[in-house]
Amino acid sequence: MPKPKIDDSVSLFPFLDIMASLIGILVLLITAATLAQIGKTVEDAADAEEVKKAQTRIVQYRAVRKRLTTETQEQQRLRELVEQAEAARQQLEQLQAEVARLEAERKITEEQSEKLPVLEAELKRLQELIEQAEPKLAEMQKELAELRSLLANRKESGQSEIQILPSGSGYDLKPTFVECASGAVVLHDRPEPLRIPTGQLASNADFTKVLETVKNQPKGTLVFLVRPDGASTYQTARNIARRQYVTNGKLAVAGHGKIDLSMFQGAKE
């Protein structure tokens with residue numbers, strides 16, 4: 001068998017393999033370092049951007065806060081202006097109302113000024129009438145005083161007496177006179193007339209006695225002399241006389257003078 005031939009040549013493959021591996025490792029290290037440096041730069045750039053944005057937001061916030069503060073002050077000022085405007089409006093309305101009132105008064109004054117000459121003329125005319133009427137009034141007052149004095153003198157002196165005269169078909173009767181005045185009757189069957197209140201007639205002994213006396217006389221009659229204000233008294237007295245079956249009549253008396261029965265003195269005797 002032939003003996004293998006030994007190759008005595010030197011191979012460089014292992015060295016090249018090691019060199020290639022070393023170069024690869026160095027490339028990897030350089031790449032890693034480069035990438036790390038690039039990442040740090042990117043992070044720094046990102047942080048700078050965020051800082052810039054934050055500063056921008058701070059500036060914007062300050063601007064907004066300043067604007068809001070300014071707007072609040074302006075709103076307060078605006079409210080004050082609105083209140084002042086409202087107060088001015090109310091004052092203006094009051095002034096307008098006052099002007100309207102003064103204008104109305106001015107018109108009234110002008111109208112009165114126009115009527116003033118007419119009123120002055122009317123006043124002058126009335127004053128003249130008063131001056132003319134004063135003497136007449138004084139004269140009338142004087143006449144009135146004289147009439148009052150005359151009337152008083154007549155009452156005191158008896159000049160206003162009313163005389164009752166016999167008349168009619170009952171001339172032969174024997175009358176008993178009872179005066180009917182306001183609130184009372186007056187009995188004329190005695191020397192001094194007796195006054196009896198109307199409310200006491202039914203129970204008054206003197207009036208009952210007069211009724212009995214007239215009733216018991218054959219020709220006796222009770223004559224009621226009715227004053228202008230004695231109608232009510234007459235009705236009361238007449239009803240009492242009718243219940244006693246007393247013959248009675250009436251005679252109206254005009255006025256309030258003293259009654260004169262002198263024409264019946266003979267009949268009484």
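In which strand does Pro-175 lie? In this predicted model, Pro-175 belongs to strand E2, which covers residues 174–181. Pro-175 counts as buried because its relative accessible area is 14%, under the 20% cut-off. Beyond its neighbours within four places in sequence, Pro-175 contacts Thr-221, Val-223 and Phe-264. Gly-220 lies 45 residues from Pro-175 in sequence. In space, the C-alpha atoms of Pro-175 and Gly-220 are 5.9 Å apart.

The overall architecture is considered next. The protein chain contains four helices and seven strands. Read from the N terminus, the order of elements is α-β-β-β-β-α-β-α-β-β-α. The chain has 269 residues, and 16% of them count as buried. Its accessible surface amounts to about 21,400 Å². Carbon and sulfur atoms hold 58% of that surface. Among contacts with a separation of 6 or more, 68% join residues 24 or more positions apart.

Helix H1 spans residues 13–157 and includes Val-27. Val-27 is partly exposed, since its relative accessible area is 45%, between the 20% and 50% limits. Val-27 also belongs to a nonpolar surface patch. The other members of this patch are Met-19, Leu-22, Ile-23, Ile-25, Leu-26, Leu-29 and Ile-30. Together, the patch residues present about 730 Å² of accessible area.

The interior was examined through its nonpolar cores. In soluble globular proteins, nonpolar side chains tend to be buried together. Here, the largest nonpolar core has 18 residues. The members that touch the most others are Val-178, Val-185, Leu-201, Phe-207, Leu-211, Leu-222 and Phe-224. At least two residues of this core come from each of E2, strand E3 (184–187), helix H2 (205–216), E5 and H3. A second core is separate and holds nine residues, including Leu-225, Val-253, Leu-261 and Phe-264. Phe-264 is also one of the contacts of Pro-175.

Two members of the largest core illustrate its packing. Leu-201 contacts Val-185, Ile-196, Phe-207, Thr-236, Ala-237 and Ile-240, with neighbours within four places in sequence left aside. Val-185 and Phe-207 are, like Leu-201, among the core members that touch the most others. Leu-222 lies in strand E5. Leu-222 is buried because its relative accessible area is 0%, under the 20% cut-off. Not counting residues up to four places away in sequence, Leu-222 touches Thr-176, Val-178, Val-210, Leu-211, Val-214, Ala-241, Val-246, Thr-247, Asn-248 and Gly-249. Leu-173 and Leu-222 are 49 residues apart along the chain. Their C-alpha atoms are separated by 9.9 Å.

How many aromatic pairs does a search of the whole structure find? The search returns one. The pair consists of Phe-224 and Tyr-234, in an edge-to-face arrangement. The ring centres are 5.6 Å apart, and the planes meet at 70 degrees. That angle counts as edge-to-face because it is over 60 degrees. Phe-224 sits in strand E5 (residues 220–226) and Tyr-234 in helix H3 (residues 231–243), so the pair ties together parts 10 residues apart in sequence. Both partners are buried. Phe-224 also appears in the largest core, among the members with the most touches to other members.

Methods:
Residues numbered from 1 in each chain as written. Predicted model: local features only at pLDDT ≥ 70, side-chain atom pairs only at ≥ 80, totals over all residues. Heavy atoms only, no water. Patch = residues over 30% accessible without salt bridge, like charges linked within 9 Å, V, L, I, M, F, W, Y side chains within 5 Å. Areas by Shrake-Rupley, 256 points an atom, 1.4 Å probe, with all protein chains shown as cover. Salt bridge = Lys/Arg side-chain N within 4 Å of Asp/Glu carboxyl O. Buried < 20%, exposed > 50% of the residue type's maximum accessible area, 1.4 Å probe, protein only. Contact = heavy atoms within 4.5 Å. Phe/Tyr/Trp six-rings, centres within 6.5 Å; stacked < 30°, edge-to-face > 60°. Core = buried A, V, L, I, M, F, W, Y, C linked by side-chain atoms within 4.5 Å.
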